[in-house]
Amino acid sequence: MAVDKSAGGEPKLPVVFPPWLDRLQTKYMNPVFKPLSRFLPGTSVIKHRGRKSGKPYETVVTTYRKGDVLSVALGHGMADWVKNVVAAGEADVRLFRSELHLTNPRIVPPGAADASLPWAVRLQNRKVAVLVTDIV
């Protein structure tokens, strides 16, 4: 398993997917899955703003909800969208046909075994970090 090559003082998170898959997903797969996300179970679109540019972005992610908590396994490590959400402290997500506002983003390190997370995310958290947010 590779480790995220983050610069500066940012945390280094384990990466499960190779860099070529990141590029393939960003360029080809996300544009296809974005309009389909409202019909595919577990697939959501997270809306966030760039840290420096302020430009709005939409990223397709797999989310897991348990009560008022939404979780995303970070198999790609500390991706730009994760940095944007953590820096802003909030984001919006389209989950099926509803729009939710997310606050208090935090990263649970690999192997933390947080019992408040859904079981599918706890399994993934053995090897990768998880972004956890509160739903307002």
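**Exercise 1.** Place R94 in its strand, then work out which charge partner and contacts its side chain has.

*Solution.* Start with the location: R94 sits in strand β7, strands being DSSP runs of E with at least two residues, numbered from the N terminus. A word on the model: it is predicted, with local features needing pLDDT of at least 70, side-chain atom pairs counting only at pLDDT 80 or more, and totals for chains, interfaces and linings using all residues. Residues are numbered from 1 along each chain as its sequence is written, and side-chain values use heavy atoms, leaving out hydrogens and water.

Next, check burial and charge. R94 is buried (under 20% relative accessible area, 1.4 Å probe, protein chains only). R94 has no salt bridge (a side-chain nitrogen of Lys or Arg within 4 Å of a carboxyl oxygen of Asp or Glu); E99, the nearest side chain of opposite charge, is 4.9 Å away.

Now look for other partners. The R94 side chain reaches the backbone oxygen of K34 at 3.2 Å. Leaving aside residues up to four places away in sequence, R94 touches K34, S37, R38, S44, V45 and E99, with heavy atoms within 4.5 Å counting as contact.

**Exercise 2.** Trace the sheet and find its edges.

*Solution.* First, write the order: seven strands form an open sheet, β4-β3-β7-β8-β9-β6-β5, with antiparallel pairing (at least two DSSP bridges per pair). Then read the ends: β4 (56-62) and β5 (64-66) each have a single partner strand, so one side of each lacks a neighbour in the sheet.

Finally, zoom in on one pair: β3 (residues 43-49) and β4 are joined antiparallel over seven bridges, and I46 stands opposite T59 in β4.

Conventions:
Helices (H or I, at least four residues) and strands (E, at least two) are DSSP runs, numbered from the N terminus. Buried means under 20% relative accessible area, exposed over 50%, partly exposed in between (1.4 Å probe, protein chains only). Lys and Arg count as positive and Asp and Glu as negative; His and the chain ends are not counted. A polar contact is a pair of N or O atoms within 3.5 Å; within protein, one must be able to donate a hydrogen and the other to accept it, and residues adjacent in sequence count only if both atoms are side-chain atoms.
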